[in-house]
Amino acid sequence: MRHVDDNPALLSANNLTLIDRVTLARATVGSPKDKLVASAEHRWGPWSGRVAASRYGSFVIRQSNAANDQTFGAAWLLDVSAGWEQGAWQVSAGVDNLTDRYPDRVIAANAIGGILAYNQFSPFGFNGRQYYAKVGYRW
């Protein structure tokens, strides 16, 4: 976005704003400008393995008070999985975010009474390491 028209006079007269700095930032700087994913997968007979490294670039979250704006740094995540397939059966298990990477913590002014330690707009969530297992049957 290169230009946003001024707020309509009727809204301004009633102390309302159509598009404020927070809304504008969500569309322009509120998500990483870059994401890099490098992955490899290999099969050994019925077995398979996969590893993926992802890098999310930095992003900015603006607040209504500019003093509380915060820039969140870039982050690397590593995912691994292994699987087995025989006939109609498939089994796989893996770990997302193997290194248990969390986003940067929000500053105290944005933590809403200390309840929200991480920003809700983090591109990779704020749950840390996650394990999974899947079993499938095709017919």
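This briefing goes through selected side-chain features of one protein structure, grouped by topic. The structure is a predicted model, and every value below was computed from its atoms. Across the whole structure, a search finds 5 aromatic pairs and 2 salt bridges. The sections below take up some of these pairs, then a nonpolar patch on the surface, and finally several single residues in strand 2 and in the loop between strand 6 and strand 7.

**Aromatic pairs**

- A pair of aromatic rings is described by two quantities, the distance of the centres and the angle of the planes.
- Among the 5 aromatic pairs found in the whole structure is the one made by Tyr-56 and Phe-124, whose ring centres are 5.6 Å apart and whose planes meet at 35°, so this pair is tilted rather than stacked, since stacking requires planes under 30 degrees apart.
- This pair links distant parts of the chain, because Tyr-56 belongs to strand 2 (residues 47-56) while Phe-124 sits in the loop between strand 6 (89-96) and strand 7 (130-137), with their positions 68 residues apart.
- Both partners fall under the 20% limit for buried residues, with Tyr-56 at 13% relative accessibility and Phe-124 at a relative accessible area of 17%.
- Tyr-137 and Trp-139 form a stacked aromatic pair, with 6.3 Å from centre to centre and 25° between the planes.
- The two residues of that stacked pair fall into separate classes of accessibility, for Tyr-137 counts as partly exposed at 44%, whereas Trp-139 counts as exposed at 89%.
- Trp-89 joins Tyr-137 and Trp-139 in one aromatic cluster.

**The nonpolar surface patch**

- The residues of the aromatic cluster, Trp-89, Tyr-137 and Trp-139, are also members of a nonpolar patch on the surface, in which they are accompanied by Val-91 and Val-135.
- Together, the residues of this patch have about 660 Å² of accessible area.
- The elements that give two or more residues to the nonpolar patch are strand 6 and strand 7.
- Trp-89, which lies in strand 6, is partly exposed, with a relative accessible area of 43%.

**Salt bridges**

- In one of the 2 salt bridges, Asp-34 is joined to Arg-55, and the closest N and O atoms are 2.8 Å apart.
- Asp-34 is placed in the loop between helix 2 (21-28) and strand 1 (35-44), and Arg-55 is placed in strand 2, so this salt bridge ties together parts that are 21 residues apart in sequence.
- Both residues of this bridge are partly exposed, Asp-34 with a relative accessible area of 38% and Arg-55 with one of 26%.
- Glu-85 forms a salt bridge with Arg-138, and here the closest N and O atoms are 2.6 Å apart.
- Because Glu-85 lies in strand 5 (residues 75-86) and Arg-138 in the segment after strand 7, this pair ties together parts that are 53 residues apart in sequence.
- Glu-85 counts as partly exposed at 27% relative accessibility, and Arg-138 is likewise partly exposed, with a relative accessible area of 45%.

**Residues in the loop between strand 6 and strand 7**

- Asn-119 is found in the loop between strand 6 and strand 7, where it is buried, with a relative accessible area of 9%.
- The side chain of Asn-119 reaches the backbone nitrogen of Phe-121 at 2.6 Å.
- If neighbours within four places in sequence are left aside, Asn-119 is in contact with Ile-61, Phe-72, Val-106 and Phe-126.
- Asn-97 lies in the loop between strand 6 and strand 7 and has a phi near 60°, which is a positive value in a residue other than glycine.
- Asp-100, placed in the loop between strand 6 and strand 7, also has a phi near 60°, again a positive value in a residue other than glycine.
- Asn-97 is buried, with a relative accessible area of 4%, whereas Asp-100 is partly exposed, with a relative accessible area of 30%.

**A buried serine in strand 2**

- Ser-48 lies in strand 2 and is buried, with a relative accessible area of 15%.
- Leaving aside neighbours within four places in sequence, Ser-48 is in contact with His-42, Arg-43, Ser-81, Ala-82 and Gly-83.

Definitions and conventions: Residues numbered from 1 in each chain as written. Predicted model: local features only at pLDDT ≥ 70, side-chain atom pairs only at ≥ 80, totals over all residues. Heavy atoms only, no water. Phe/Tyr/Trp six-rings, centres within 6.5 Å; stacked < 30°, edge-to-face > 60°. Helix = DSSP H or I, 4+ residues; strand = E, 2+ residues; numbered from the N terminus. Buried < 20%, exposed > 50% of the residue type's maximum accessible area, 1.4 Å probe, protein only. Salt bridge = Lys/Arg side-chain N within 4 Å of Asp/Glu carboxyl O. Polar contact = N/O pair within 3.5 Å; in protein donor to acceptor, adjacent residues only side chain to side chain. Contact = heavy atoms within 4.5 Å. Patch = residues over 30% accessible without salt bridge, like charges linked within 9 Å, V, L, I, M, F, W, Y side chains within 5 Å. Areas by Shrake-Rupley, 256 points an atom, 1.4 Å probe, with all protein chains shown as cover.
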